[in-house]
Amino acid sequence: MSRFLVLVLGVLSMCWWAAIVGAEYVRYKDPEQPVGARIRDLMGRMTPEEKIAQMAQIDWSVATFDIMRDFSIGSVLSGGGSTPRPEASAQDWIDMINGIQNGSLSSRLGIPMIYGIDAVHGHNNVYNATIFPHNIGLGATRDPDLVKRIGAATAIEARATGIPYVFAPCIAVCRDPRWGRCYESYSEDHKIVEEMTDIIIGLQGEIPAKSRKGVPFVGGKNKVAACAKHFAGDGGTFKGINENNTVIDRHGLLSIHTPAYSDSIIKGVSTVMVSYSSWNGVKMHASHELITGFLKDTLKFKGFVISDWEGIDRITLPPRANYTYSVQAGILAGIDMVMIPYNFSEFINDLTYLVTNNVIPMDRINDAVERILLVKFSMGLFENPLADLTLVDKLGSQAHRNLAREAVRKSLVLLKNGKNETDPLLPLPKKVPKILVAGTHADNLGYQCGGWTIQWQGFSGNSYTRGTTILAAIKAAVDPSTEVIYNENPDGNFVESGKFSYAIVVAGEPPYAESQGDSMNLTMVDPGPSVINNVCEAVKCVVVIISGRPIVIEPYVSSIDALVAAWLPGTEGQGVTDVLYGDYGFTGELPRTWFKTVDQLPMNVGDSPYDPLFPFGFGLKTQAGPSKTLVSRETSASSGGMLSMLIVVASVILSLYLTG
């Protein structure tokens, strides 16, 4: 009897254990299952409320543990300049993000949230990150392999802080430099923009050969999900006014502003962000024709479409005039995830109301959530939802700074070198008695980096992140015996009495982002013009322009000996001196037409008339080599004559010897 009882108890125990094991097996949590099967299994378990919550992206400041657990919110972000604390370390970021993620993992189904951030020229929100040149400078390099390597470095630095999703790259085709986001565009030429979509491969990894077109791909824990933005036509607005109307026929829109999206999709981009702008009066956030009809149906994009910051609010004028309608229009247009970012309960309530009342069909919700889950599964977020500390030492690493320095020197465009072809100023000599460095931008890391750096609008000064200013780079480049005098705004008497061998003036634009950068006059910040005049009238000078686009320089060109477009180079100022002093040659080419006057705008290559100050593709080339000694034109000519005479004499002597 006792043996029988033991047997029965054993069988019951086995059945109980089998039941427990069976209950614990959840198909969507099994990484051995196909992604499609995991999505179907999870979708079948989700309530309509959980699906709608997956479509919400909220700011980290409102993403408490309880909210993430109770609502199953799909995504969290840091907006421009939004950080856990000032000068936050990689561990500070990881601790914050893991705290939020633990809330998501505690929800009924444990669906991990995806954390996103702007990383438009490196991991630009984060203290001590490597800040690469903005896209306009990278467009001047004409080097897709370089931007691929920059993408890989940016991915590692983002992952170093626990972030798996970046709102980059911007693949706008800027057709008017008056646009405040022009520096986020690689070029006015869509072909260059298409080539630069190789940054997606750097960010996400090389897409497998057999991958189906349009399917998102993220290749492991050192890579991030990318976001091609802003779809579509954001760089073509009237007079370059941000968020304005792009007036162009369908052929023009598809031939200029969308080819880079096709390239991005082929390269496996995970997400696409919609533009604030309109196309022929229709807000892009409400354009079913382009989001669903073209992007999803024609280009076969399978990832998810995300709104811009409060993008659906701006479907109406004024924004939020009818929020329920905006939700309806945006979701029916094909937006899958909505960047809210604060009042998420209103969005969830309105979308729930619209679905419950059959205004928005459940099929549209299912399509959105399947796309969101496809990205999450494809990037391994279910297997590795929490950030770790294995990459923290990669943030701002020397290898990445070396890469940024390479990008800077390749991005510089030499527009003028000498007041005539026989008297070049560059490369500069490193060993001279005394030089002058002047201008507002020579010793200002914030100006050097531009907008979208630490803060949304950028910053002024050297206190908010780490890097090397151009002044510091000059001091490091010249011979120790060379005296470097820095005067931000010298007057003519100071320059004339200084007995300087040469001067370097660094001037340009202050930092800005988005609409605050829109400009109808495109002038450099004062006292830039007067510094150029005071310095260049008294001593040989090279002027380095720090700007996010071509600006007005035509009135000053004749007085300048050498002129360099340095764009917004980022934290590695030594990339500038690498080329000024001849350690490397100038190789950059204009990614944009440089106008004479703003009255010519918009003006792009191929237009008629086309009468620029410097045409698209222009860039003088120099060879790397030792610095030359600065001599006067008269001395140079007499030296050349003496050399010629010596050659003649030597030839005569050699001839007499040979005929001996």
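In strand β11, the bridge partner of Gln57 is Met339, and this pairing opens a walk through a predicted model. Gln57 sits in a contact between strand β1 (residues 56–59) and strand β11 (residues 338–339), which pair in the parallel sense over two bridges. Two strands count as paired if DSSP finds at least two bridges between them. Helices (H or I, at least four residues) and strands (E, at least two) are DSSP runs, numbered from the N terminus.

A word on the ground rules helps here. Residues are numbered from 1 along each chain as its sequence is written, and side-chain values use heavy atoms, with hydrogens and water left out. Because the model is predicted, local features need pLDDT of at least 70 and side-chain atom pairs count only at pLDDT 80 or more, while totals for chains, interfaces and linings use all residues.

Seen as a whole, the chain contains 22 helices and 17 strands. Its C-alpha trace spans about 125 × 65 × 55 Å along the principal axes. Of the 660 residues in the chain, 58% are buried. Here buried means under 20% relative accessible area, exposed means over 50%, and partly exposed lies in between (1.4 Å probe, protein chains only).

Strand β1 also pairs with strand β2 (residues 75–78), again in the parallel sense, here over three bridges. Among the partners, Ile58 is matched with Val76 in β2, and Asp59 is matched with Leu77 in β2. In a regular strand the side chains alternate between the two faces of the sheet. For β2, both faces are covered: Ser75 and Leu77 on one side are buried, and so are Val76 and Ser78 on the other.

Elsewhere, three strands form an open sheet in the order β6-β8-β9, with mixed pairing. Its edge strands are β6 (245–246) and β9 (282–283), each of which pairs on one side only. Strand β6 runs in the parallel sense with strand β8 (residues 278–279), and two bridges join them. Within this sheet, Asn245 stands opposite Ser278 in β8.

Charged side chains supply another set of contacts, with 35 salt bridges in the structure. A salt bridge is a side-chain nitrogen of Lys or Arg within 4 Å of a carboxyl oxygen of Asp or Glu. One of them joins Arg142 and Glu589 (3.8 Å, N to O). This pair links distant parts of the chain, 447 residues apart: Arg142 is in the loop between α6 (135–141) and α7 (144–160), and Glu589 is in the loop between α21 (574–580) and α22 (633–659). Arg142 is partly exposed, with a relative accessible area of 24%, and Glu589 is partly exposed at 25% relative accessibility.

Another salt bridge brings together Glu346 and Arg320 (2.4 Å, N to O). Glu346 belongs to helix α14 (residues 344–356) and Arg320 to the loop between β10 and α13 (323–333), so the pair ties together parts that are 26 residues apart in sequence. Both ends are partly exposed, Glu346 at 23% relative accessibility and Arg320 with a relative accessible area of 37%.

A third example lies within a single helix. Asp367 forms a salt bridge with Arg364, and their closest N and O atoms are 2.8 Å apart. Because the two residues are three residues apart in helix α15 (residues 362–378), about one helical turn separates Asp367 and Arg364. Asp367 is partly exposed, with a relative accessible area of 24%, whereas Arg364 is buried at 10% relative accessibility. Salt bridges can also join up: Asp143, Asp145, Arg149, Glu406 and Lys410 are linked in a network of them.

Helix α7 also holds Ala160, which is buried with a relative accessible area of 0%. From C-alpha to C-alpha, Ala160 and Ala476 are 30 Å apart in space, and they are 316 residues apart in sequence.

Finally, Arg212, Lys213, Lys300 and Lys302 gather in a patch of positive charge on the surface. Such patches are made of residues with over 30% relative accessible area and no salt bridge, like charges being joined within 9 Å and nonpolar side chains (Val, Leu, Ile, Met, Phe, Trp, Tyr) within 5 Å. Within this patch, Lys300 is found in the loop between α12 (288–298) and β10 (304–306). Lys300 counts as partly exposed because its relative accessibility is 42%.

Key. Accessible areas come from the Shrake-Rupley method with a 1.4 Å probe; for residues, only the protein chains shown count as cover. Lys and Arg count as positive and Asp and Glu as negative; His and the chain ends are not counted. The place of a charge is taken as NZ of Lys, CZ of Arg, CG of Asp or CD of Glu.
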